[in-house]
Amino acid sequence: MEVLKTAFDFSDFPRIDIWVASAVAVALLVFPTLPHSSFAMATMIQFLMFSVYGMGWNTIGGYGGQVDLGKAQYVGIGAYTTAVMMIRWDVPFWFSLPIGMGLAVGWSFIIGYPLFRLRGHYFAIATIATSLVLKDVFESWSFIGGARGLKIPLKGEMPNFLYVQFREDYYYYYIMLGFFFIGLFYINWFRHSRMGFQLRSIKDNEEVARSLGIDSHWAKIKAYAVATAFVAAVGSFHACYNFNIEPEDVMSLDLSVLIALMAMLGGAGSLFGPIIGAAILVPMKNYLGAWFGARAGLAGLDLIIYATIIMLIAAFEPRGIWGLITRLRERRSN
Amino acid sequence: MALLKVKSLDMTFGGLHANRDISFEVADGELLGLIGPNGAGKSTLFNCMAGLHAPTSGEIYFRDRNVTCLKPYQMARLGLARTFQVYVATGDLNVLENVMVGSFLRTRSRVKAKAKAEGLLEKMGLAGLERARVANLPVAAQKRVVMATALATDPVLLLLDEVAAGLNPSEIEQMMEVIRWVHGDLRITVILIEHVMELVMNLSRRVLVLDSGRLIAEGEPKQIVRRPEVIKAYLGERYVSEHFVGAS
């Protein structure tokens with residue numbers, strides 16, 4: 001009971017934030033009924049996916065302050081579990097989803113246990129390495145399609161809710177929107193929970209946190225598992241939404257960096273940060289690609305922009321856009 | 001009954017011998033002072049007791065249990081709380097949330113943790129500052145937040161590392177009141193590291209003196225400051241020979 005109450009308790013935000021958030025929520029709910037291009041629809045679905053990726057990353061990376069640049073390996077585990085189970089054994093999405101999340105979380109314990117012996121940059125580098133190693137393994141594993149990836153065969157009848165196969169994109173949109181709201185309320189509970197407080201204390205000063213009875217190593221592993229469950233769930237969805245998955249697509253370093261970058265741009269360690277970050281970066285990424293075509297990728301334009309953003313965040317406001325808003329408010333109230 | 005027993009504890013960092021053969025006991029309900037010049041090994045001794053360092057040799061017993069190699073979080077769970085000498089919370093936790101981190105050790109419920117933290121803040125005279133940032137508070141208030149956080153873990157033994165450093169006389173007076181309340185009303189055993197002699201003299205019945213890693217004296221505060229070896233440790237050999245000729 002207290003858990004539910006906490007999940008829906010936004011009382012620490014100023015009233016204006018709650019109004020804005022409600023307006024955005026309504027806009028998201030009615031978006032498919034408004035006139036839109038299919039490109040805009042695809043962008044919106046991606047925005048929701050990256051928001052949930054970012055929310056997950058935010059538990060360990062934002063509240064816990066452990067910069068994790070290897071989330072793509074868990075996206076891959078989620079996506080591949082769903083795809084392989086659907087192709088080989090005809091298992092519906094809703095059954096393979098928890099299995100994919102479970103496998104990813106299991107793997108995250110194996111990876112997290114040694115990795116959290118490392119601190120700071122060393123931890124970040126190690127997460128990149130583990131993610132890339134797993135990608136290489138997937139690329140050379142013929143059972144799951146190797147580097148060419150997998151193609152999920154279409155069922156005859158559509159819409160198919162059990163296997164999540166639809167002709168119209170708005171079905172996907174609403175399923176992802178469901179994930180989005182569950183994620184948002186979960187994180188709202190998380191940041192007030194004991195685990196949330198423990199992580200924030202560790203981020204502030206690990207030695208002090210340990211003296212207050214917090215097993216910091218175990219707390220980080222747990223939060224890492226939570227983050228993993230989030231990204232694996234979206235990975236499973238990704239497999240059904242795209243039909244086609246390959247390691248380069250769902251497990252690339254680009255994806256890992258984008259997940260972290262969106263949360264950091266919006267504001268690591270804040271509830272709405274990852275959503276703000278995704279709302280800026282996903283449309284930018286897609287529309288830049290559309291405007292410049294293949295040349296954008298060739299010229300490395302996207303990478304230049306990401307790098308610029310990272311440098312700006314690091315130099316001016318490590319807490320991202322949300323930090324900027326907070327700072328302006330504090331200045332005005334003083 | 002001895003709450004804490006330290007038996008011939010040695011702690012070396014490379015070539016540096018920070019604690020040498022230290023043995024003492026702390027009785028349940030005692031308020032013990034730990035003094036000594038800078039670099040005497042007081043904080044190292046605290047760190048060994050709190051589990052931050054595993055001692056090179058020797059043993060520590062807490063409530064008749066060998067806790068020599070336990071980790072800091074395990075010591076906290078057993079009922080040992082500590083404050084750090086130089087620490088200001090700079091993260092995104094506000095005053096109330098900082099104290100709640102402590103109270104979350106004994107409960108999972110956010111409501112209970114919050115109620116306990118608010119109660120402690122009020123007792124500490126910090127009511128109204130719940131939403132402030134710790135780093136923005138005056139030093140005296142920061143020290144109280146740190147103490148409230150430690151108390152929120154429900155300790156039986158509290159280690160205070162220079163809680164009066166940097167305070168003015170009236171603030172020291174208030175800090176003494178807080179420590180008296182912790183010791184007298186909450187019945188928590190306290191060990192203080194302190195350079196502010198006034199505080200040690202007024203509060204503790206027994207004082208341990210450390211110098212160059214050794215325990216050089218032990219006894220009542222009024223008498224101990226007259227002992228030549230203690231004065232020598234603080235003021236140097238020459239001062240003693242000039243002022244105490246024939247005395248020792």
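## A tour from V75(A) outward

Begin by selecting V75(A) in this predicted model: leaving aside its neighbours within four places in sequence, V75(A) is in contact with V231(A), A232(A), V234(A), G235(A), H238(A), V250(A), M251(A) and L255(A).

Keep V75(A) highlighted and add V99(B) and A148(B), since these three are the residues with the most contacts inside the largest nonpolar core, a set of 166 residues. Next, colour helix α10 of chain A, residues 216-242, which supplies the largest share of this core with 16 residues. The general background to such a selection is that nonpolar side chains tend to be buried together in soluble globular proteins.

Now turn to chain B and colour it by domain, with domain 1 covering 2-79 + 155-243 and domain 2 covering 87-154. Both of these domains of chain B give residues to the core just selected, so the core lies between them. If you place a marker at the C-alpha centre of each domain of chain B, the two markers will be 25 Å apart.

Where the two domains of chain B touch, select 11 residues from domain 1 and 11 residues from domain 2. On the domain 1 side, α2 (72-78) and α6 (169-185) of chain B each supply at least two residues, and the largest share of that side, 4 residues, comes from α6(B). Coloured by class, the side of domain 1 of chain B that touches domain 2 of chain B shows 8 nonpolar, 1 polar and 2 charged residues.

Stay with α6(B) and add helix α5 of chain B, residues 139-151; the two pack at an angle of about 10 degrees, with their axes 11 Å apart. Because angles under 35 degrees count as roughly parallel, α5(B) is roughly parallel to α6(B). To see the contact itself, show A140(B), K143(B), R144(B), M147(B) and L151(B) on α5(B), together with E171(B), M175(B), V178(B) and V182(B) on α6(B). The residues of this contact divide into 6 nonpolar, no polar and 3 charged.

Finally, move to the contact between the chains, which takes 20 residues from chain A and 25 residues from chain B. On the side of chain A that touches chain B, select α1 (2-7), α8 (194-204) and α9 (206-211) of chain A, each of which supplies at least two residues, and note that α8(A) gives the most, with 7 residues. By class, that side of chain A has 4 nonpolar, 9 polar and 7 charged residues.

Conventions:
Residues numbered from 1 in each chain as written. Chains lettered and ligands numbered in written order. Predicted model: local features only at pLDDT ≥ 70, side-chain atom pairs only at ≥ 80, totals over all residues. Contact = placed C-beta atoms within 7 Å. Nonpolar A, V, L, I, M, F, W, Y, C, P; charged D, E, K, R; others polar. Domains from an automatic or database assignment. Core = buried A, V, L, I, M, F, W, Y, C linked by C-beta atoms within 7 Å. Buried ≥ 20, exposed ≤ 12 C-beta atoms within 10 Å, placed from the backbone. Axes fitted to C-alpha atoms, helices over the stretch in contact; angles between N-to-C directions. Parallel < 35°, antiparallel > 145°, perpendicular 65-115°, else oblique.
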